[in-house]
Amino acid sequence: MLAIQLINLNQNIFLNAYQLIVSSRMSNCLVRTFIVQSFIKLTKHFTEGAFTSLLKNQKIEHKILFGQYDEEKDNNNAINNLANDKHEVVCFDKIDPSLVFFHEGGGQLFSIITNKSPTDPEYINLLSLKNSQCEKGKEIFKELPDYRKYTQKQFLQEISNIINVNIPVEKVKGSTKKSLEEIAGNFVFTADNFVKMALILLRIRSNIPVIMMGETGCGKTFLIRKLSEMKNEGITDEMKKEGITDEINQMKILNLHAGINDKDIIDFITKKVLPDSIKLMMKENMRREDYKMKGFIFEEKKIWVFLDEINTCKSMGLISELMCKHTYQGNPIPENIVFIAACNPYRHREKKEKKENKEKKEKKENNEKKGK
């Protein structure tokens, strides 16, 4: 993630060291230092949680090696820990550090996502950074965007800028292309789900697997589908079947359930994902050469594979291999395929018989107390 961000920084015209020094608007010439520090903070944010879990698991392994292992007790503890684990919900107010988010399609423009107050030194530095994008003679920004106050159309315009799509924000009369407004439909943007989209895009750019966890009905699937539809400019497999377009649908969805097995998942990958991945790779090779000649930053388009409800099937070993090793049964998967998954949190549920016995026991104890 840090490498991707540093590449974007060094190829950005507005953040070129010479440009910052000669710019009459920039009062803070150490802005590149500030940006790199924020990138490092962000990288730590993404990695520290994983290392904490790793260290915890090492302690458990140490106990096993030295004979302090009770299988039944440890299994029960593991179930209770998973069921009672309080995962931090991603929201706008908890964003720390602030995000300098480079746009796709050349990476010369960027958005700044922050919840700091206008008097905070970080906010002041970010505002100076935002004004470095202004052309000479144009009015400078007096404040940074406050996404908590954004309207639906403002969010759609911001998403359009970030993902660099070639479709209008609002519906255009007589146009055959869907607008972002039509694709979004009844999806309501908020500062919270906008930040979640930004973090998903950041992970995808860095080839980090994305797993969204939340209760059933909280909108995980809806959010990722809408983001992919907007990025894919509304193209679906149905449109291809009907001959409306010959463009590749870059979103592949597999809904998992108890009846799905390893073979079903592998068939989905080999028959529905890999063929389009190869076609897209060939098209992108041509586009890469064009970008290289023009000196633009090239960001390869990718196939998004969305595995919904991954914890409902018995193929977690294969899913883990797909997402972490980027292989299936040892076979490599092309780099232009990224995996996104959704799952529900663990919940401790007692068996019906145990619950009934527990209730009978409590009832019996209560009757005995009354008798005494």
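**Exercise 1. Which residue in E5 is the bridge partner of Leu 254?**

Ground rules first. The model is predicted: local features need pLDDT of at least 70, side-chain atom pairs count only at pLDDT 80 or more, and totals for chains, interfaces and linings use all residues. Residues are numbered from 1 along each chain as its sequence is written, and side-chain values use heavy atoms, with hydrogens and water left out.

*Solution.*
- Find the elements: helices (H or I, at least four residues) and strands (E, at least two) are DSSP runs, numbered from the N terminus.
- Take strand E4, residues 251–255. E4 and E5 run parallel and are joined by 5 bridges.
- Two strands pair if DSSP finds at least two bridges between them.
- Read off the partner: Leu 254 is bridged to Leu 307 in E5.

**Exercise 2. Give the strand order of the open sheet, then place its edges and helix H12.**

*Solution.*
- The sheet has 4 strands in the order E3-E8-E5-E4, with parallel pairing.
- E3 (210–213) and E4 (251–255) each have a single partner strand, so one side of each has no neighbour in the sheet.
- Neighbouring strands are turned by 15° against each other on average, direction ignored. Axes are lines fitted to C-alpha atoms, for helices over the stretch in contact; angles run from 0 to 180 degrees between N-to-C directions.
- E5 (residues 303–308) and E8 (residues 337–343) run parallel, with 5 bridges. Ile 303 is set opposite Ile 337 in E8.
- Helix H12 (residues 316–325) packs on this sheet and touches E3, E5 and E8. Its direction makes about 135° with that of E8. Contact means heavy atoms within 4.5 Å.

**Exercise 3. Why is E5 described as largely enclosed?**

*Solution.*
- Set the cut-offs: buried is under 20% relative accessible area, exposed over 50%, partly exposed in between (1.4 Å probe, protein chains only).
- Count: 6 of the 6 residues of E5 are buried, so the rest of the structure largely encloses the strand.
- Split by face. In a regular strand the side chains alternate between the two faces of the sheet.
- One side of E5 carries Ile 303, Val 305 and Leu 307; the other carries Trp 304, Phe 306 and Asp 308. Both sides are covered.

**Exercise 4. Is Lys 226 buried or exposed, and what does Lys 226 touch?**

*Solution.*
- Lys 226 lies in helix H9 (residues 220–231).
- Its relative accessibility is 12%, so Lys 226 counts as buried.
- Leaving out residues up to four places away in sequence, Lys 226 touches Ile 183, Ala 184 and Phe 187.

**Exercise 5. Place Phe 102 and classify its burial.**

*Solution.*
- Phe 102 is in strand E1 (residues 99–102).
- Relative accessibility is 0%, so Phe 102 counts as buried.
- Ile 112 is 10 residues away along the chain, and the C-alpha atoms of Phe 102 and Ile 112 are separated by 8.8 Å.

**Exercise 6. How many helices and strands does the protein have, and how much of the protein is buried?**

*Solution.*
- The elements number 13 helices and 8 strands.
- Of the 372 residues, 40% count as buried.
- Take contacts between residues at least 6 apart in sequence: 66% join residues at least 24 apart.
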